Amino acid sequence: MRSYAAVDLGASSGRVMVGRVGPDSLELAEAHRFPNRPVRVPEGLRWDVLSLYAGVLAGLRAAGRVDSVGIDSWAVDYGLLDADGALLGNPVHYRDARTEGVAEKVWATVPAAELYAATGLQYAPFNTLYQLTAARDTRQLAHARRLLLIPDLLTYWLTGEQGTELTNASTTQLIDPATGDWSYGVAARLGIDLELFAPLRRPGDPAGLLRAEVLEETGLTGPVPVTTVGSHDTASAVAAVPATGERFAYICTGTWSLAGLELTAPVLTEESRAANFTNELGLDGTVRYLRNIMGLWLLQECLRAWGDPDLGGLLREAAAVPALRSVVDAGDAAFLAPGRMPERIAEACRASGQPVPASSAEITRCILDSLALAHRRAIAQAQRLADHPVDVVHIVGGGTRNALLCQLTADACGLPVVAGPTEAAALGNVLVQARTHGLVGDRADLRRLLARTQPLTRYTPQGDAERWREAEARLATR
């Protein structure tokens with residue numbers, strides 16, 4: 001067996017996991033977990049990237065001897081480097097307000113329909129393209145000589161080598177999903193200098209060796225290679241979907257819910273754009289055709305507002321609340337910013353003429369019903385738009401621990417749900433490294449190994465399907 005360190009950074013925490021892989025075995029253990037707390041400073045919301053890097057080093061120190069390291073993280077955000085390779089300030093957080101109203105300015109130059117046809121990316125106010133447009137006249141961007149997405153920035157600090165990993169680059173709205181190369185025409189029309197980006201690299205490509213200073217800091221004995229993985233955490237998570245065939249949908253759950261299909265080609269129709277589906281790139285040239293849904297962020301913000309009560313007890317209380325009493329649009333940008341989440345959910349229900357949830361259990365049930373309904377809508381629309389029917393829904397990520405959400409998703413979709421693995425992004429990260437070293441075969445082999453070795457839970461649809469259709473129609477009329 002060989003050991004691989006997976007650095008997996010989420011929007012609220014980071015972790016270094018160690019995967020041990022053999023011909024018919026796959027084990028994953030946590031070496032170190034650390035918080036990811038953004039900081040609000042006078043100029044806006046920023047990532048504390050130095051703290052994250054310190055957490056990565058501490059995690060590698062705790063991991064012990066490994067054969068390779070891979071890094072994945074959330075998408076769209078980046079750091080800017082000067083001519084000497086020094087970081088120009090803390091990276092801006094995607095929830096920062098600087099992109100408000102920017103999309104309309106972009107569309108005045110490249111209409112939304114043309115932008116989608118060229119890049120396949122759904123509208124989200126924080127896409128890298130809009131961030132760069134918002135930063136156009138800043139001194140920081142004027143002095144920048146290199147832009148590195150978050151996992152590529154950390155890889156650079158570990159190895160001294162620069163690159164732009166493709167699955168994450170595909171979230172910038174500057175990649176053509178049909179060619180897997182930059183969308184040069186879009187960049188030129190918007191005045192975005194693609195020379196800022198380091199050369200593209202793909203999962204499995206070498207990303208350098210740990211620098212001598214890193215080896216000293218972590219106690220590792222070199223040489224230790226860093227392997228390029230699907231550095232967008234969703235790309236790694238989709239790679240770890242333990243599907244046994246091609247007729248499956250997936251939902252990567254956590255702060256966000258990413259619900260969709262794995263395809264061989266993008267869907268770039270106007271109907272797809274109107275439905276706000278995105279075409280991001282995945283392992284082996286696949287396309288992650290999906291919709292971004294606000295996800296467990298809604299519940300996380302409520303828990304924070306309530307003083308972090310016991311989640312297990314709250315979910316048991318929520319299970320006893322009548323189903324589908326009130327639902328909200330879990331993809332509504334109105335829920336994007338932090339703060340006052342319980343009040344905002346109540347206000348949305350009041351504004352739509354539905355019963356207003358009052359207790360924490362009622363609000364929790366509203367959130368979970370709404371997420372299940374959003375999952376239903378996304379998966380049904382994806383199948384129709386891509387002409388790709390499915391027989392099963394795989395839920396991976398942190399939401400697999402929420403049995404109520406998994407069961408509600410099965411009920412809403414009218415399809416069996418297979419939940420697991422929980423640490424899908426880390427497992428996908430590890431398995432791409434292992435595949436690069438010849439321990440795992442093709443993508444199908446990788447998934448068979450996951451299905452054999454990881455604990456999975458199956459949920460069968462229950463209840464009245466008509467109630468979900470009625471709730472969906474009710475939401476559509478608001």
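The following is a conversation about a predicted model and some of its local features.

Colleague: What should I know about the numbering and the values before we start?
Modeller: Residues are numbered from 1 along each chain as its sequence is written, and side-chain values use heavy atoms, with hydrogens and water left out. Because this is a predicted model, local features need pLDDT of at least 70 and side-chain atom pairs count only at pLDDT 80 or more, while totals for chains, interfaces and linings use all residues.

Colleague: Which helix gives the largest share of the largest nonpolar core?
Modeller: A nonpolar core is a set of buried Ala, Val, Leu, Ile, Met, Phe, Trp, Tyr and Cys residues joined through side-chain atoms within 4.5 Å, where buried means under 20% relative accessible area, exposed over 50% and partly exposed in between, with a 1.4 Å probe and protein chains only. The largest such core has 164 residues, and Leu129, Leu154, Leu174, Tyr289 and Ile345 have the most contacts inside it. Helices (H or I, at least four residues) and strands (E, at least two) are DSSP runs, numbered from the N terminus. The largest share of this core, 14 residues, comes from residues 360-386, which form helix H15.

Colleague: Is Glu423 buried or exposed?
Modeller: Glu423 lies in the loop between strand E20 (417-419) and helix H17 (424-436), and its side chain is joined to that of Arg33 by a polar contact of 3.1 Å. A polar contact is a pair of N or O atoms within 3.5 Å; within protein, one must be able to donate a hydrogen and the other to accept it, and residues adjacent in sequence count only if both atoms are side-chain atoms. With a relative accessible area of 16%, Glu423 is buried.

Colleague: How many residues of helix H16 are buried?
Modeller: Helix H16 covers residues 403-413 and is mostly covered. Its buried residues include Leu404, Gln407 and Asp411, and the helix is followed by Gly414, whose phi is positive, near 65 degrees. Of the 11 residues in H16, the number buried is 10.

Colleague: What is the relative accessible area of Val76, with its positive phi?
Modeller: Most residues other than glycine have a negative phi, and most peptide bonds are trans. Val76 is not a glycine, yet has a positive phi of about 70 degrees, and its place is in the loop between strand E6 (68-72) and strand E7 (78-81). Val76 is buried, with a relative accessible area of 5%.

Colleague: Which proline follows Gly420 through a cis peptide bond?
Modeller: This bond has omega near 0 degrees. The residue that it leads to lies in the loop between E20 and H17, and that residue is Pro421.
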